[in-house]
Amino acid sequence: MRTALIYNFLIEANLMASIAILLMIPVRWLCRRQLGSRAIAFAWLLVAIRLLCPLALPNPVIHEIRSAFAPDLAIRPIAGQVQVRFADAVDALYDGVRLSGSGSAIEESLHTLRDDTGNGMLSIRLMKVYLAGAALTVGWFAISNWRFRKQLRADRIEPISGRALAQYRTLCAEMHIRPIPVFYVDPLPSACLVGCFRPYIALPLTARPQELEHVLRHELCHYKAGDHWWCAVRLACCAIHWFNPLVWLAARMSRTDAELACDERVIRHMDEARRRGYAGVLVLSACRRDLPGVSVLSTGMSMTGRRLKKRVTDILSNRQARRGLALGFVLLASMALIGAFCTAERPVLAGIPADHMAYQSQPVSTAVSLTQEQEQQAIDLAKAFWSNETLQADLNDSLIWTACGQGTHTEVYANDPDWGEALILAFAPDGRILYMNNRRSGDRDALLASDPNQELSRAELNGVMEYGLSVLEKIQPGLRGEMGEIESQGPTVNGESSFYRFFSFRREGENHTMTHVFNVQVFPEVRLTHYENLLEFDEDASDRLEPGNG
């Protein structure tokens with residue numbers, strides 16, 4: 001279940017963000033003059049939000065693309081399509097190799113891959129690879145920043161003083177910014193804003209007095225716009241989605257666009273002569289080497305090649321963005337962001353009752369022979385379990401209650417004199433539920449299906465599964481985390497009622513798997529009727545199912 005949540009997020013975020021990145025490439029190339037670099041930089045922020053936020057909003061039509069062959073109902077439709085298409089591709093490739101007879105080693109590898117795709121082992125291995133890659137990326141970022149900051153500290157000469165300090169304070173007052181530390185550093189190719197929590201400005205010792213105002217104004221504009229935090233956002237996007245080259249490309253392009261947006265802020269109130277002076281400072285910065293790239297938490301003025309030429313041209317021409325067009329682009333991009341989060345099926349389905357009460361388990365005796373006091377304790381516990389508002393079992397005075405110890409667990413039966421066993425409950429020593437079965441009809445009149453043979457839609461089936469899991473979570477908190485992929489089977493008609501059965505398999509060791517099974521009745525009422533966990537041993541095909549050991 002937890003792996004499914006991560007896969008849902010990674011696949012949906014990368015698919016939606018990759019589409020946005022591919023759209024941003026022509027937009028920034030063709031529409032920069034009309035929109036301005038600030039609007040484009042804001043659009044990159046929206047892309048980053050989609051990459052970083054694990055949000056899934058309900059979509060009333062997304063269930064239409066849910067594959068009927070997706071084995072795990074916890075996988076949402078988009079990720080389910082990816083899962084099924086990948087499995088189909090592996091099957092087709094395996095069949096092609098097997099029929100061609102091109103090689104037993106390749107055939108064996110594809111056979112193993114196909115089996116691992118079906119039993120969930122591939123998803124576990126892929127998760128390990130993903131986590132290892134994320135850890136290496138984070139480690140590389142950490143080392144790069146540590147070395148960069150260490151080198152700056154070693155090369156730091158002194159804080160600015162005298163006339164430069166007075167000029168800096170005047171500039172901060174003019175821009176309504178609280179002053180941050182400024183240090184001379186040598187050698188340093190270009191001025192930069194360094195750090196997030198305690199940012200400071202690093203100035204090259206070779207900066208000439210006539211350049212100082214432009215350099216400081218540029219870095220203060222970065223600081224005022226929060227670009228030092230934007231650097232951290234880029235790092236987070238690259239670390240989480242390290243496997244997607246489009247994310248790395250977007251980080252580089254957004255870094256460039258942040259510099260261009262900063263230029264727009266700097267020259268907003270400049271005349272032509274001052275703009276020429278500012279452009280000259282940028283050209284001089286480019287004559288030196290470039291600053292570190294995306295992996296370092298810093299901003300920089302330097303830029304080379306065609307990007308610098310375009311940057312200088314834009315500054316000298318002082319083209320103004322069309323405010324109405326830029327505002328429309330921002331609104332459209334924001335609406336697209338909301339739509340990019342609408343990847344979850346609508347969870348609210350008519351006829352599925354809400355949960356009100358959690359069952360509080362208690363330790364029980366599991367001796368083979370129970371004393372009268374132990375038997376009464378188990379019966380009282382079973383009555384409290386069945387009578388809570390979540391299950392609402394029909395407990396009338398005609399039921400005959402019995403309890404017996406089975407060595408590893410305790411079983412409680414409620415028998416109806418007219419037709420036999422009505423309620424069955426098995427406890428583990430710690431009070432956890434190993435098995436429950438409700439063979440009686442409850443009092444609810446909420447209908448989901450109109451007849452026993454009606455098959456539910458995928459969205460309704462997903463809602464039924466979520467209802468069953470929510471009830472089980474009330475009964476045994478933390479149960480979701482113990483489950484693996486969930487498969488469904490049904491509808492199964494039994495007399496005048498019908499139900500769906502759900503299975504969850506999770507590998508617990510080299511030769512055994514923990515299986516959770518639960519049934520949810522959907523006609524004539526919606527209720528959880530059955531739950532059990534089984535220990536399945538691979539080595540003994542004749543007797544594979546054993547009671548769960550809790």
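Against which elements do the buried residues of helix 9 pack? In this predicted model, they pack against helix 3, helix 6 (121-155), strand 4 (192-194), helix 8 and helix 10. The buried residues of helix 9 are Asp227, His228, Trp230, Cys231, Arg234, Leu235, Cys237, Cys238 and Ala239. Helix 9 covers residues 227-240, and its 14 residues should span 20 Å at 1.5 Å a residue. The end C-alpha atoms are 20 Å apart, in agreement with that expectation.

The protein as a whole has 16 helices and 15 strands. Of its 550 residues, 48% are buried. Among contacts with a separation of 6 or more, 64% are between residues 24 or more positions apart.

Helix 8 (residues 209-225) was examined in the same terms. Its 17 residues should span 24 Å at 1.5 Å a residue, and the computed distance between its end C-alpha atoms is 25 Å, which agrees. In helix 8, 12 of the 17 residues are buried, so this helix is largely enclosed by the rest of the structure. The buried set consists of Glu211, Leu212, His214, Val215, Leu216, Arg217, His218, Glu219, Leu220, Cys221, His222 and Tyr223. Gly226, just after helix 8, takes a positive phi of about 75°.

Helix 10 (residues 245-266) and helix 3 (residues 37-52) form a further helix pair. Two packed helices are described by the angle between their axes and the distance between the axes. For helix 3 and helix 10, the axes come within 8 Å and cross at roughly 145°. The crossing is left-handed. On the helix 3 side, the contact involves Ser37, Arg38, Ile40, Ala41, Trp44 and Leu51. These meet Val247, Ala250, Met253, Ser254, Asp257, Leu260, Ala261, Glu264 and Arg265 of helix 10. Classified by residue type, the contact comprises nine nonpolar, two polar and four charged residues.

Leu51 also takes part in a contact with helix 1. Ala17 is found in helix 1 (residues 2-30) and is buried, with a relative accessible area of 2%, where the cut-off for a buried residue is under 20%. With neighbours within four places in sequence left aside, Ala17 is in contact with Val47 and Leu51. Ala17 and Leu51 are 34 residues apart along the chain, yet their C-alpha atoms are separated by 6.4 Å.

Asp263 lies in helix 10 and counts as buried at 3% relative accessibility. Outside its neighbours within four places in sequence, Asp263 is in contact with His218, Tyr278, Leu282, Arg311 and Ile315. Of these, His218 is one of the buried residues of helix 8.

The largest nonpolar core contains 40 residues. Within this core, Trp386, Trp401, Met436, Phe502, Phe518 and Leu528 touch the most other members. Helix 15 (residues 458-475) gives the most to the core, with eight residues. Apart from this core lies another, of 30 residues, among them Met175, Val215, Leu220 and Leu282. Val215 and Leu220 are also among the buried residues of helix 8, while Leu282 is one of the contacts of Asp263.

The surroundings of Met436 were examined individually. Leaving aside neighbours within four places in sequence, Met436 is in contact with Phe385, Trp386, Ile424, Leu425, Ile475, Leu528, Thr529, His530 and Tyr531. Trp386 and Leu528 are, like Met436, among the residues that touch the most other members of the largest core.

How values were computed. Residues numbered from 1 in each chain as written. Predicted model: local features only at pLDDT ≥ 70, side-chain atom pairs only at ≥ 80, totals over all residues. Heavy atoms only, no water. Core = buried A, V, L, I, M, F, W, Y, C linked by side-chain atoms within 4.5 Å. Buried < 20%, exposed > 50% of the residue type's maximum accessible area, 1.4 Å probe, protein only. Helix = DSSP H or I, 4+ residues; strand = E, 2+ residues; numbered from the N terminus. Contact = heavy atoms within 4.5 Å. Expected span 1.5 Å × (residues − 1). Axes fitted to C-alpha atoms, helices over the stretch in contact; angles between N-to-C directions. Left-handed = near helix turned anticlockwise from the far one by under 90°. Nonpolar A, V, L, I, M, F, W, Y, C, P; charged D, E, K, R; others polar.
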